[in-house]
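Please walk through this two-chain model with the viewer open. Start with the whole, then go down to single residues.

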Amino acid sequence: MKILSNKILRFSRYEELQEIEVAYNNDKKTLQDYEKLARLHLNIAKTIGSIDAWDNIDTPIEEITRQIFDVLNFEYVCIGRCLTKDLKDYKYITSKSVKIPEHLVSSPIEDSFIGQIILTYGNREIFVWSEQDGDITDIKNTKNKIPNIQPNHIERFKSYFSFTKVKQFMVIPLKHIAKEEVIGYIVMCNRNGQNGLERMEEESLKALSVYISRCIGRHLFYRYEHNDTQKIRKIHNLNYELGIKETLKYLYDEFSLMLAAFWIPVTDDNQPCFAMEDHYHEFKGRKEEAIEKEVGFRDGKICLKSDALKRRKKVNWFENLTKDKLGFSIDIGTNQAIVVLIHDDNESTKDDDLLGAFVLYPQKSLKKSHVVEERIKILADDIKHYLQATLFDRHYKQIELLREQLLGVDFNNSDNFYREIVGLVNNTLQSKYCSLFFANEKEELYLKATNAKKFTSFDKGTLENKKNFIAINYINKKDEIIYKKNSRSATYRAFINENTVNIYNIYSKNAKTETIFCEVSSYEHEPVIATPIKYQGKIRGVIRCINKENLNGRTIQAFDDLDIKMFEFLAQIVSKFIENIEKDKDQRNFVNHLAHENRTPVQIIWNDMHSIKRRIEQLAPTGNHRALNKTFKRLRLQTEIINNNYDNLEAVLTDKDLIAYRFNKTDLKEHIYDIVELLEPKLQEDEERPIRVETQIKNMPEVYVDGRKIYQVFYNVISNAARYSTYDSTIKIKYNDSVEVIIDNKLVKCLEITVSNYGIEISADEFDLIFKQYYRSPIARAKNATGKGIGLYVAQTIMMKHGGIIQVTQSTEPTTFSIFLPNKLKSKSPDTN
Amino acid sequence: MTKKKILHVDDDRLMTKSVAENIELYLNDYDYTVETAASYTDAIKKVKSQDFDLILLDVMMSVTEEEKQQNNDLEDDMSTGIVLRKAINEFFKDKETKPKLAYFTAKSLDKSEEKFVDKVISKPIVPEQYLRIIRNLLMIETVGTTTY
């Protein structure tokens, strides 16, 4: 006690109490500050926690701004974002005494005061300026001035401080957590009653900035993704070309670009390169003109796209590019480009699968940003799906269109067929002209068909037309050779190298082609694509398209890789059709030829038989020649059968109007008598029980028919009767005048010649069948194995051509066939001549 | 009685022989001579150097490369007779008397071609028939000259 009281006495109690009070007050103030800051943290955490990703972020940011403003007692607080050129304020709070100049956060970024600070010094954690020192310094590190501060900035700060009532200026960059990238900022000015921040406050604000960054970052991410998805969804409803245009415009706006472009792969003469499908920019006047001229084509080897391909990344950011690397020879006001490769398949980065490349030219000032890259990457995936869908759609539509059109082509008219085929390929590929070349035996090409009227020969040296050709003089003329052997033309190379040749511009001096036979057109720039036509394992010709039609506002005037795929597919289909046509034609020619070749020996045999007969008559004028005559008749019948077989075959294969019918005055009676006489050996096969023929045809008038063909009809019907007759029966051939028959749903007055015989009955369901090609009734097959079911079919075909018909008029014995010839054939009429 | 002269143009010599034999054996009411020509060149030569009353023309006849070079119309074997017919018509264009012309062929002809000749005889045809046609063609000629 004593010691204690001594001590108390020893010191001045007042002083002691004063000290304690000061300490207490300090602690109290510190505690208050702590409490204040803790409450701030808590409130901000609450606010951040309550933010829904899809909500408008403005209200919570305003709340945070107000809390900082209130608690830390600043005259001005602002939270904004700086992802694009627009430094956008989420919210700012200011007391009335501080006037914030408009240009503090104005756009574009290089013109805004804060923009410059953030972009230049944004890698620092927190920086504070004050005019107190008369210099621009980071007051927390007075000795450590901001390195490399730009002189013009110092001037601007000075004028800024003198112009406004701002005395202190603090910036806390908001950084993307993972990537250390500035995505926003907190700006604070003029702290009331205090000079800058306490250490504790500074630490506290740093921690807060992390929260806020996270909040804004995540929000932006969702916002962007949401916006992008919405936009691309809208684009999905558009066609390919419009969709690309819209996408470019969107990218242009969203990323504040100088120019947005879409390039597609084009294989020019086996060398990969790119052609511009579309672009978007807002340059005016001359510059625009220059770009229109400039963009279009880049050599695949030196262009950015090929650099990007080498990197094999989805999004490739190129910085510090030189003028020629940008893809333009003129200045478009930037030195960086973002190349976004759109591959057909997610995993693959093979060149083959490249659907195209977006090339975005951002402003010079845009720093390479992971956030932007990330966003573009996600956007690119959306776009890829759109491109896949529309391209598939486009292909599908083209194939569908082709299929429909092919069904409408008349394959029987071969001249027309080729003209239709070129027109069809032309439509499907959306080209201006299409021509088809066929090769002759010497591997030279001649023009088979084209939809062009005129051709020209062009001198690439002088850029002048050398010679004009009128298409019609060359079509289907085997001796008018257009591409001789060793021709350097694209068309001939496609033929000889058996692959597709695609040339971006045949008039270009660099194009490896001669321009000796080109369709005349008004375009300056002429892309050409040629692919071989192959069938039966051999290259037979080349199909070539020239000039892409400018449909749907399409910018690209070249055949792209998808066109090549499409064209090769088309060529395959066309080849198949041509193969069928040519095969058919070859077959007909072969049969025609064979029939012709066959007639000569038959003629000579008949001549010689005739001579022999005469000579024997001369040698033995009184002899009995009955047996000999029979032999001659048999011989004649057999040669006639050979002959008729070929005639039938020819009629079957050439029943498509290939051979015109000739209507001449014909005596059918003579034909019938001839045939009956000719068939005599057959009728008397069994000499004991011969088959007799009765004719009642004396009144039959002469008619205008194709005599040879009608002979064939009678021969086929009567020889049929002879073949299926039972021995010792009678075949009756009768003529009836004026009978009415329904032919083609019309009642027609006809002459009727009936042929009836005893042998086989025909069942009712076979009435029509027996006139079908290769049909033979089961009974007929059992009775006679030599028939081939051709005769009646041929006879019917010939009768149709005469406007007549053959019918079974009695199916029970005697089986009766009626040949009906229209009455009008009795007189010579204009349409039958 | 004037001798009737027939020129039969066909590259198949067996054909011309057998036809000539039949004419000789059967058409003995007149005095006929049958000349034959087996090629385009041969035929032209004979037409230009001799007078004929009737010329029978085959259509499909083989053509040599040399002939093709001399005459651009001779593309292939398919229409040699038609080219020949044109040449003959051209040759007799301004002549007073012209021989009768007939195709004797297995090939189907265009209708337009038929009007340039007096008759088209299609092979194969039984000898009786073509002999009758030949005789008729020459008889009309005879009647014509008598009236004249």
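The paragraphs below go from the chains to a sheet, a helix and a few single residues.

This is a predicted model: local features need pLDDT of at least 70, side-chain atom pairs count only at pLDDT 80 or more, and totals for chains, interfaces and linings use all residues. Residues are numbered from 1 along each chain as its sequence is written, while chains are lettered from A and ligands numbered from 1 in the order in which they are written.

Take chain A to begin. Its secondary structure comes to 19 helices and 26 strands. Here helices (H or I, at least four residues) and strands (E, at least two) are DSSP runs, numbered from the N terminus. Of its 833 residues, 36% count as buried. A residue is buried if 20 or more other C-beta atoms lie within 10 Å of its own, exposed if 12 or fewer, and partly exposed in between; C-beta atoms are placed from the backbone. Contacts tell about the fold along the sequence. Two residues are in contact if their C-beta atoms, placed from the backbone, lie within 7 Å. Among chain A contacts with a separation of 6 or more, 66% involve residues 24 or more positions apart.

Chain B has six helices and five strands. Along the sequence they follow the pattern β-α-β-α-β-α-α-β-α-β-α. Buried residues make up 34% of its 148 residues. Of the contacts between residues at least 6 apart in sequence, 59% join residues at least 24 apart.

Where do the chains meet? On the interface, 17 residues of chain A are in contact with 19 residues of chain B. Helix 13 (residues 561–619) of chain A gives the largest share of the chain A side, twelve residues. That side divides into five nonpolar, seven polar and five charged residues. For this split, Ala, Val, Leu, Ile, Met, Phe, Trp, Tyr, Cys and Pro count as nonpolar, Asp, Glu, Lys and Arg as charged, and the others, Gly among them, as polar.

Helix 13 of chain A also leads to a sheet. Five strands of chain A form this open sheet in the order 13-12-19-18-16, with antiparallel pairing. Two strands pair if DSSP finds at least two bridges between them. Strand 13 (445–450) and strand 16 (501–503) of chain A are the edges, each pairing on one side only. Neighbouring strands of the sheet are turned by 25 degrees against each other on average, direction ignored. Within the sheet, seven bridges join strand 12 (residues 431–439) to strand 19 (residues 538–548) of chain A. One bridge pairs A:Ser435 with A:Arg544 in strand 19 of chain A.

Two helices lie against these strands. Helix 12 (residues 490–497) of chain A lies across strand 12, strand 13, strand 16, strand 18 (528–535) and strand 19, running at about 30 degrees to strand 18. Helix 13 of chain A packs on the sheet too, touching strand 16, strand 18 and strand 19, and its direction makes about 35 degrees with that of strand 18. Axes are lines fitted to C-alpha atoms, for helices over the stretch in contact, and angles run from 0 to 180 degrees between N-to-C directions.

Strand 19 of chain A also holds A:Asn547. Its phi is near 65 degrees, a positive value in a residue other than glycine. Most residues other than glycine have a negative phi, and most peptide bonds are trans. A:Asn547 counts as buried, because 24 C-beta neighbours lie inside 10 Å. A:Gln536, in the loop between strand 18 and strand 19 of chain A, has a positive phi of about 50 degrees. With 9 C-beta neighbours inside 10 Å, A:Gln536 counts as exposed.

Cis peptide bonds occur in both chains. In chain A, the bond from A:Glu813 to A:Pro814 is cis, with omega near -5 degrees. A:Pro814 is in the loop between strand 25 (805–810) and strand 26 (815–822) of chain A. In chain B, a cis bond joins B:Lys123 and B:Pro124, with omega about -5 degrees. B:Pro124 is in the loop between strand 5 (119–122) and helix 6 (127–147) of chain B.

Finish on helix 1 (residues 13–26) of chain B. Which of its residues are buried? They are B:Met15, B:Thr16, B:Ser18, B:Val19, B:Asn22 and B:Ile23. Seen down the axis, these buried residues fall within an arc of 170 degrees, so they line one face of the helix. The arc is that of the directions from the helix axis to the C-beta atoms.
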